[in-house]
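Please open the model in your viewer and keep the selection panel at hand. The stops below each begin with something to select, followed by what is to be found there.

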Amino acid sequence: MRRALLLVLATLPLAAFVLGSIPFGLVLPRLRGVDIRNVGSGNIGATNVLRSQGKGMGAAVLLLDLAKGLLPTLLALRLGTPIGAATGAASDDGALSASG
């Protein structure tokens, strides 16, 4: 059991980093055939998606962006370890690396 927990704890920050690198503001509009970088401000954030693609798509991007940082951190904290902060930082670093 302890070994399995250590494996989860070791891979959680990596998984958070990978999840954080998914640019939902780019991916979701692309499902509609829109390259959001060529629309509005050119930013792939939820505000530009909201303005150019509507409330539903903007809300989806906002919630997914929120979840990709929050869920891995809450999971790490739920496991009762101090790795929660590292997991949150990893998800944020993944988001920063994805934005270029």
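Select Lys68 first, a residue that lies in helix α4 of what is a predicted model. Is this lysine buried or exposed? Its relative accessible area is 10%, and because anything under 20% counts as buried, Lys68 is classed as buried. Now show the side chain of Lys68 together with the backbone of Gly20, and you will find a polar atom of that side chain 3.4 Å from the backbone oxygen of Gly20.

Gly20 leads to the next selection, helix α1, which covers residues 2-20. Display α1 together with α4, and look at how the two are placed: their axes come within 9 Å and cross at roughly 170°. An angle of that kind makes α1 roughly antiparallel to α4. To see where the two helices meet, select Leu12, Ala16, Leu19 and Gly20 in α1, and then Lys68, Pro72, Leu75 and Ala76 in α4, since these are the residues in contact.

Move on to helix α2, residues 24-31, and colour Phe24, Gly25, Leu26, Leu28 and Pro29, which are buried. What covers these buried residues of α2? The cover includes α3, residues 46-53, and α4, residues 55-78, so both helices are worth leaving on display while you turn the view. After α2 comes Gly33, where the backbone phi is positive, near 85°.

Helix α3 is the next stop, and here the residues to select are Ala46, Asn48, Val49 and Gln53, which are buried. If you look down the axis of α3, its buried residues fall within an arc of 160°, and they therefore line one face of the helix. These buried residues of α3 pack against α2 and α4. The helix is followed by Gly54, another glycine to select, with a positive phi near 105°.

Finally, zoom out to the whole protein chain, which has five helices and zero strands and reads α-α-α-α-α along the sequence. The protein chain has 100 residues, of which 31% count as buried. Among its contacts with a separation of 6 or more, 53% are accounted for by residues 24 or more positions apart. If you switch to a surface display, bear in mind that the accessible surface of the protein chain comes to about 6200 Å², and that 67% of this area belongs to carbon and sulfur atoms.

Terms used:
Residues numbered from 1 in each chain as written. Predicted model: local features only at pLDDT ≥ 70, side-chain atom pairs only at ≥ 80, totals over all residues. Heavy atoms only, no water. Buried < 20%, exposed > 50% of the residue type's maximum accessible area, 1.4 Å probe, protein only. Helix = DSSP H or I, 4+ residues; strand = E, 2+ residues; numbered from the N terminus. Contact = heavy atoms within 4.5 Å. Areas by Shrake-Rupley, 256 points an atom, 1.4 Å probe, with all protein chains shown as cover. Polar contact = N/O pair within 3.5 Å; in protein donor to acceptor, adjacent residues only side chain to side chain. Arc of directions from axis to C-beta. Axes fitted to C-alpha atoms, helices over the stretch in contact; angles between N-to-C directions. Parallel < 35°, antiparallel > 145°, perpendicular 65-115°, else oblique.
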